Each structure stands twice: as C-alpha cells, then as structure tokens.
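The following report describes a structure in terms of its domains, sheets, helices and ligand surroundings. Please read it alongside the sequence and the coordinates.

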Amino acid sequence: MRVVIAGGGFAGLQLAKRLKNQDGIEVLLIDHNNYHQFQPLFYQVATGGLDASNISFPLRKVFQGTRNIAIRLTEIKEIKTAENTIVTDIEDFTYDVLVIATGADTNFFNNANLQEKALPMKSTSEALRIRHHLIQNLEEALELKDKAAIERKLNVVIAGGGPTGVELSGAIAEMRNNILPKDYPEIDFSLMNIFLVEGSPRTLASMSAKSSEQSRRYLEKLGVKVMTEMHVKDYDGDDVLLQNGQTIPSKTVIWAAGIKGNVPKGIAPELVVRGNRIRVNRLNQVKGFANIYAIGDVAYMETPKYPTGHPQVANVAINQAKNLAVNLIRQVTGNKHYQHEFEYHDKGSLATVGKNLAVADIATPKIHLGGALAWFVWMVLHLLLILGVKNRLQIFINWVYKYFTSDQSLRLLFKEFYKHPENKA
Ligand SMILES: Cc1cc2nc3c(=O)[nH]c(=O)nc-3n(C[C@H](O)[C@H](O)[C@H](O)COP(=O)(O)OP(=O)(O)OC[C@H]3O[C@@H](n4cnc5c(N)ncnc54)[C@H](O)[C@@H]3O)c2cc1C
C-alpha cells in the first residue's frame with residue numbers, strides 16, 4: 001500500500017511514525033517545510049523567549065533509519081482524485097491511499113487591509129517575523145521625538161482572545177514590564193499599551209467560565225487592556241479601527257482571530273464545510289472516496305459528542321492519526337473489515353498568561369486549576385510533548401533561567417532575512 005501523507009504537522013507526523021517499518025506499507029510524507037512545527041510555543045519565539053530551532057524539528061531526523069518512509073520537501077498544488085495523483089512543485093506522485101493533513105492557516109475573513117498589514121502567527125517564520133517587527137519598532141522609537149508617534153510605534157493590538165491571543169499578550173506584557181525598560185532605558189514605557197480585542201464576552205471562551213474570568217484578571221494584572229465584545233474592523237497600518245468607531249494608534253496588529261482549513265485544490269467544493277474544513281466520516285474518510293482521508297485541523301467530523309465538529313487542537317490531530325494508522329495497518333494485514341471509528345476523549349485544556357499565571361480545565365475528574373499550579377502543569381506537559389531530548393533540555397534550561405532572571409537573550413534582529421520580499425510572511 002503506497003500511502004501519501006500531505007502535511008507533516010501533528011497529524012501527518014504522528015501517522016507516519018505509527019506506520020514506520022510496517023510491512024506492506026510504503027509512506028511518502030510531503031511538506032513544504034523540512035521541519036515539524038510545535039505551534040503551541042510560537043508565542044515564545046515571537047517574544048524572544050525561545051529559539052526557533054527549539055520548537056521546530058527536522059522531519060528527516062525523526063525518520064532516520066526507517067526503511068519505508070520517504071520525505072519530499074515541496075508545495076502540494078492539487079489532487080487529481082480520478083488519477084490517484086497528487087501534483088506538487090517537483091513531481092506528480094501517485095498513491096493507493098492519500099491522507100490530507102495540511103492543517104489550517106490564518107483567516108482574515110476577506111479583509112485585504114488586515115491580510116496585508118496585520119501579522120499572523122501560524123508558522124515558525126511568522127513567529128520570527130513578529131519578533132523582528134517588535135524589536136525593529138523599539139529601535140525606531142528611539143529616534144522619535146513626538147509623544148503620539150512614539151505611542152503609535154510602541155502600542156501592540158492583538159485581535160482574538162483565544163489561547164493564542166491570551167498567551168501572546170501576556171508574554172508581550174511581561175516583556176514590557178520586566179525586560180524592555182532595561183534594554184531601552186531612553187524609552188518611556190508608560191506609552192506602550194497592549195490591547196487584547198476579543199469579539200465574544202470573554203477571553204478563552206472555549207474554556208470554563210472560571211478560566212475565562214481568571215485569565216482576564218491575570219492579563220489585567222500584567223497591564224493588558226482587555227476589550228471584550230469588540231471586533232477589529234479595519235487597519236491601515238497606522239490606526240486600528242474598532243467596530244464601535246474607536247481607533248487605536250498602532251504600528252503592530254497581530255491577528256489571532258480565526259483560522260481556516262488548508263484545503264488542496266481538487267477537493268470538490270461540496271465537500272468543504274464550515275471553517276473551510278473537509279467533511280469526513282468517523283473513519284476520517286472523505287465523502288465519496290474509499291482511499292482518501294483527511295485528519296487534523298483540516299478535517300470536519302460530526303459525532304454525537306461533537307455535533308459541530310471537533311476543536312482544532314493538537315490532541316485531536318494526534319488521536320485521529322493514531323486511529324487511522326490502526327485502520328490502515330488492519331487493511332494490509334487482512335483485517336480490513338475491522339475498521340475502528342474515531343472517538344475523541346478530551347483530557348482538558350490549558351493556557352498560560354505569564355509567570356505563575358495559568359489556567360487549566362482537567363476533564364476527568366472535572367477540576368479547575370489556576371495560578372502557579374496550573375502553570376507548573378502547563379510547563380511539564382509542553383516539555384513532554386516537544387520533539388527531541390535536546391530540545392526538551394534546552395527549553396527546560398531556558399525556562400529555569402527565565403524564571404529566575406525574568407530575562408532572555410534572544411532578542412536578535414536578522415535584518416537581511418526579512419528584507420527579502422519573499423519572506424514577508
Ligand atoms: C499559535 C498557536 C498555538 C496553539 N496552541 C495550541 C495548544 O496550546 N494546544 C493545542 O492542542 N493546540 C494548539 N494549537 C493548535 C494546534 O497547533 C493544531 O490543532 C495542530 O497543529 C493541528 O495539526 P495538523 O497536523 O492538523 O496541522 P499542522 O500541525 O498545522 O500541520 C500541517 C502541515 O501541513 C503542511 N502544509 C500545509 N499546506 C501545505 C501545502 N500546500 N504543501 C505542503 N505542505 C503543506 C504545513 O507545513 C504543516 O507542516 C495552536 C495553534 C497555533 C497556531
């Protein structure tokens with residue numbers, strides 16, 4: 001069975017790992033990056049807390065010494081379902097089984113201004129770009145004399161009060177409170193405001209009411225201006241227009257307010273449903289195809305427990321991959337009639353706001369944790385999930401160092417890289 005896996009994220013990588021050295025299965029893993037990205041820690045790369053290489057792991061290193069996994073670094077362009085072929089930048093590849101695991105990308109909801117001027121954070125390079133942008137603005141603020149111009153340069157607006165927006169605004173606030181006044185003693189940091197703009201009535205709306213209330217309190221303690229029931233309507237690069245007509249002067253808008261599935265060309269529009277996700281059955285099979293599957297963020301599966309689809313989180317992606325691996329192995333070992341339907345067992349959710357400030361909703365037993373304990377649980381879990389022993393050790397050392405010094409030494413500007421027009425994103 002020749003299995004082509006489109007995308008080496010949480011879902012694709014897990015599937016390839018489960019099919020490793022499996023007799024009767026040959027795997028081709030395709031991704032446009034040669035590394036796996038650990039998205040939950042992007043915000044620490046964006047704020048100079050971690051090095052990009054700590055959270056990005058080379059795919060080839062994962063599969064060293066395996067005999068049935070080939071990797072190609074290329075852009076997936078189209079799927080020709082009638083010909084069982086996937087079209088890429090380098091070659092057309094045929095498959096017996098295709099698994100679409102292309103994840104999701106930022107959704108700017110067709111606002112061209114936001115798309116052009118706001119900063120997304122859906123890849124390691126986008127996280128690095130945010131870091132570059134923040135530091136470059138600080139350097140430029142040193143040369144400004146006008147108070148209003150300095151404020152515009154320093155203000156940061158984050159759209160979206162989900163885990164990404166909350167974690168990022170907390171980390172930027174800690175940077176402003178503890179690090180930047182030491183790096184830039186000439187700047188008056190009372191002029192730097194961090195706004196978190198959320199459309200729903202609460203931050204972390206997908207978590208418990210207690211986590212929402214606590215996360216808001218923690219953010220406000222760090223000095224973040226939290227605006228709920230408010231939308232960012234437009235942005236011209238200088239002023240952010242809110243839905244109530246208010247404007248915020250800012251050179252930095254970070255967009256964490258929506259994602260949409262990365263659906264490859266060739267998938268019929270009637271198979272693409274809410275959130276731009278591909279409708280699949282309980283086996284993750286795309287409707288109408290026995291040999292095409294979609295897993296992870298790009299897949300939309302309705303179950304009695306999740307009638308409007310699963311949350312787009314790493315744990316769903318990983319577990320769909322594990323389930324599919326079992327089913328594919330059964331197909332080659334003569335047990336193809338025993339296909340196992342996917343059921344998600346939610347273990348809970350976590351989000352961190354800052355040092356000793358996190359929230360956790362554990363599913364069974366139903367427990368809510370806050371403060372330093374939740375923060376400790378958050379750190380241990382993320383360390384366990386990171387790929388590679390060396391990365392784990394480096395991140396651990398970084399965090400211990402940061403805990404005691406509230407500082408880090410990763411605020412580097414790689415100007416030449418960002419001058420290149422192709423590296424805008
Ligand atoms: C900032 C941030 C923080 C997050 N925090 C958490 C968290 O704390 N906990 C949690 O559970 N989840 C979190 N998530 C969500 C989690 O990262 C996703 O649910 C998970 O990555 C989904 O896995 P996936 O394999 O479906 O997609 P991805 O991991 O996104 O992988 C998709 C892969 O496909 C590749 N790809 C896409 N299109 C193409 C193409 N055309 N050609 C070639 N390759 C392509 C990409 O390079 C990528 O490697 C976070 C997400 C973000 C952005």
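## Sheets, domains and ligand shell

Ile30 stands opposite Arg72 in strand 5, a pair that belongs to the 5 bridges by which strand 2 and strand 5 are joined in parallel. Here strands (E, at least two residues) and helices (H or I, at least four residues) are DSSP runs, numbered from the N terminus, and two strands pair if DSSP finds at least two bridges between them. The model is a predicted one, in which local features need pLDDT of at least 70 and side-chain atom pairs count only at pLDDT 80 or more, whereas totals for chains, interfaces and linings use all residues. Residues are numbered from 1 along each chain as its sequence is written.

Strand 2 and strand 5 are part of an open sheet of 5 strands, whose order is 5-2-1-9-22 and whose pairing is parallel. At its edges are strand 5 (69-73) and strand 22 (292-294), each of which pairs on one side only. Neighbouring strands of this sheet are turned against each other by 20° on average, direction ignored; the axes behind this value are lines fitted to C-alpha atoms (for helices over the stretch in contact), and angles run from 0 to 180 degrees between N-to-C directions.

Another open sheet, also described by 5 strands with parallel pairing, has the order 11-18-12-13-14. Strand 11 (119-120) and strand 14 (225-227) stand at its edges with a single partner strand each, so one side of each is left without a neighbour in the sheet. Within this sheet, strand 12 (residues 156-159) and strand 18 (residues 252-255) run parallel and are joined by 4 bridges, and Val157 stands opposite Val253 in strand 18.

Antiparallel pairing is found around strand 25, which pairs with strand 24 (residues 348-354) over 6 bridges and with strand 26 (residues 367-370) over 4 bridges. In the pairing with strand 24, Asp361 of strand 25 is the bridge partner of Ser349, while in the pairing with strand 26, Ile362 stands opposite Ile367. The hairpin of strand 24 and strand 25 has 2 residues between the strands, and Asn356 takes a positive phi near 65° there; the hairpin of strand 25 and strand 26 has 4 residues between them. Of the 6 residues of strand 25 (residues 357-362), 5 are buried, so this strand is largely enclosed by the rest of the structure. A residue is called buried if 20 or more other C-beta atoms lie within 10 Å of its own, exposed if 12 or fewer do, and partly exposed in between, with C-beta atoms placed from the backbone.

Two helices can be set side by side, the expected span being 1.5 Å times one less than the number of residues.

| Helix | Length | Span, first to last C-alpha | Expected span |
|---|---|---|---|
| Helix 6 (residues 124-141) | 18 residues | 26 Å | 26 Å |
| Helix 12 (residues 389-405) | 17 residues | 24 Å | 24 Å |

Helix 12 is followed by Ser406, whose phi is positive, near 55°. In helix 6, the buried residues include Leu128, Ile130, His132, Leu134 and Leu138. Thr124 also lies in helix 6, and it counts as buried because it has 22 C-beta neighbours inside 10 Å. Its C-alpha atom is separated by 9.5 Å from that of Tyr43, although the two residues are 81 residues apart along the chain. Gln331, by contrast, lies in helix 10 and counts as partly exposed, with 18 C-beta neighbours inside 10 Å. The C-alpha atoms of Gln331 and Ala70, 261 residues apart along the chain, are separated by 21 Å.

The domain assignment gives domain 1 (2-32 + 74-106 + 259-332) and domain 2 (112-257 + 348-423), with bounds that come from an automatic or database domain assignment. The C-alpha centres of these two domains lie 31 Å apart. Both domain 1 and domain 2 give residues to the shell around the ligand, so the ligand lies between them.

Around the ligand there are 31 residues, of which Gly7, Gly9, Gly103, Gly296 and Val313 come nearest. Helix 1 (10-19), strand 2 (26-31), helix 8 (163-183) and helix 10 (314-332) are the elements that give two or more residues to this shell. A residue is near the ligand if its C-beta atom, placed from the backbone, lies within 6 Å of it. The shell divides into 13 nonpolar, 14 polar and 4 charged residues, where Ala, Val, Leu, Ile, Met, Phe, Trp, Tyr, Cys and Pro count as nonpolar, Asp, Glu, Lys and Arg as charged, and the others, Gly among them, as polar.
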